[in-house]
Amino acid sequence: MKAPAIVPPRPRWLDVVGALGVVALAFTVWLGLWITPPDVVQGNLARLLYIHPPIATVALYWAGGVAAAGSLLYLWPRTRSFFWDRLAASAVEVGAVFSVLTLVTGSLWGRPAWGTWWTWDARLTSTALLLLLEIGYLALRRVPADPAIRARRCAVAALLVAIDVPLVHFSVDWWNTLHQGGTFLDPGFQIHASASMSWTFLLAFIAFSLVFVWLLGVRYQIEVLQDVVGDQELEVSLAERWSEDAELVGVGGPEPLEGGGAP
Amino acid sequence: MSYVDAGYAIALATLFVYAVSLVLRRRRWERALRMSERPVAEEGALPHGERS
């Protein structure tokens, strides 16, 4: 017997986060492009700094952190669950988009400020390496394998991505780089910007963080749907195969798999 | 177009396109799930590894 599938419900809070993210992003653009005054040194070019550091923060710390935590919790036997694997995979994909934007917005700032689109500076190179590692993770994820084996492989790959995160962060301290250190905060957490600039930067940070949470949530839902559909297709194929075998030999087929066909 | 305008336009457009692509992918998989059938014995079953 067959029954129609149950589609997992969409959490309401995620729509609220998405709406707040869009509103915050709209205010960020308005403040960043029209309201805040030009910088004394950089002029209007400083307006790019309202989006570049927040985007980089999401790519590096939020996405990298979720991917690392999810992978560690999957690898740890006591907390092992495909929830963590899906969360890490979602974080890496969303993080890759933010890594691309980090490099593009940084390059657009670097061209007029440094006179070059790209230089093999430690911060830039380690960020490019982060993007390459994320692409590698996503490629590995597409390799057909048993779900448990794929999850273990990807968890290890995500940890390689995570290793690059402190490398990017400390690159400006460990090497003599063209890229400056803290843009708005120094190591003593002293703010180097006027009040209006600081508020715009703070709003941008919140806006991109909210957008990240929404994107992560939707991407996670896709991971769940893919797994449910994959499991059901497997179950249906096995049931059909068993019924064909049973007809051939004239006996009942084996018991159906428990736990949705998972190993 | 200035570097600043280009930066904002590229960032917002990329995020918008990625968000739309995610929503469309989610809708496609939801449709695939609705169209699929499953054995009655599996009713309420969670995807692999999911803990209830």
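Begin by selecting helices H3 and H6 of chain A in this predicted model. On the H3(A) side of their contact are Arg86(A), Leu87(A), Ala89(A), Ser90(A), Ala91(A), Glu93(A) and Val94(A). These meet Phe212(A), Leu215(A), Leu216(A), Arg219(A), Tyr220(A), Glu223(A) and Val224(A) in H6(A). Coloured by class, the residues of this contact comprise nine nonpolar, one polar and four charged.

Now view the two helices as a pair. Two packed helices are described by the angle between their axes and the distance between the axes. For H3(A) and H6(A), the angle is about 130 degrees and the axes are 9 Å apart. H3(A) is therefore oblique to H6(A). Their crossing is right-handed.

Keep H3(A) selected and display its whole length, residues 82–114. The helix has 33 residues and reaches 45 Å from its first C-alpha to its last, close to the 48 Å expected at 1.5 Å a residue. H3(A) is mostly covered, with 25 of its 33 residues buried. Just after the helix, select Gly115(A), which takes a positive phi of about 85 degrees.

Next, add helix H4 of chain A, residues 122–141. The axes of H3(A) and H4(A) come within 9 Å and cross at roughly 145 degrees. This crossing is left-handed. From H3(A), the contact draws on Ala89(A), Val92(A), Glu93(A), Gly95(A), Ala96(A), Ser99(A), Val100(A), Thr102(A) and Leu103(A). From H4(A), select Thr127(A), Ala128(A), Leu130(A), Leu131(A), Glu134(A), Ile135(A), Tyr137(A), Leu138(A) and Arg141(A). By class, 11 residues of this contact are nonpolar, four are polar and three are charged.

Return to H3(A) and select Thr105(A), which lies in that helix. Is Thr105(A) buried or exposed? Thr105(A) has 26 C-beta neighbours inside 10 Å and therefore counts as buried. Leaving aside residues up to four places away in sequence, Thr105(A) touches Leu48(A), Ile51(A), His52(A) and Ile55(A), together with Gly7(B) and Ala11(B) of chain B. For one of these partners, draw a distance: the C-alpha atoms of Thr105(A) and His52(A) are 5.8 Å apart, although the two residues are 53 apart in sequence.

The contacts with Gly7(B) and Ala11(B) lead to chain B. Select its helix H1, residues 3–35. At 1.5 Å a residue, its 33 residues should span 48 Å, and its end C-alpha atoms are 48 Å apart, which agrees. Gly7(B) and Ala11(B) are among the buried residues of this helix, along with Val4(B), Tyr8(B), Leu15(B), Tyr18(B), Leu22(B), Trp29(B) and Leu33(B). To see what covers these buried residues, show chain A again: the cover includes its helices H1 (12–35), H2, H3 and H6 (195–249).

Finally, from that cover, select H2(A), residues 52–75, and add H5(A), residues 147–174. These two helices pack at an angle of about 140 degrees, with their axes 8 Å apart. H2(A) is thus oblique to H5(A), and the crossing is left-handed. On H2(A), the contact is made by Leu60(A), Gly64(A), Ala67(A), Ala68(A), Ser71(A), Tyr74(A) and Leu75(A). On H5(A), highlight Ala151(A), Ala155(A), Ala158(A), Leu159(A), Val161(A), Ala162(A), Val165(A), Val168(A) and His169(A). The residues of this contact divide into 13 nonpolar, three polar and no charged.

Definitions and conventions. Residues numbered from 1 in each chain as written. Chains lettered and ligands numbered in written order. Predicted model: local features only at pLDDT ≥ 70, side-chain atom pairs only at ≥ 80, totals over all residues. Axes fitted to C-alpha atoms, helices over the stretch in contact; angles between N-to-C directions. Helix = DSSP H or I, 4+ residues; strand = E, 2+ residues; numbered from the N terminus. Parallel < 35°, antiparallel > 145°, perpendicular 65-115°, else oblique. Left-handed = near helix turned anticlockwise from the far one by under 90°. Contact = placed C-beta atoms within 7 Å. Nonpolar A, V, L, I, M, F, W, Y, C, P; charged D, E, K, R; others polar. Expected span 1.5 Å × (residues − 1). Buried ≥ 20, exposed ≤ 12 C-beta atoms within 10 Å, placed from the backbone.
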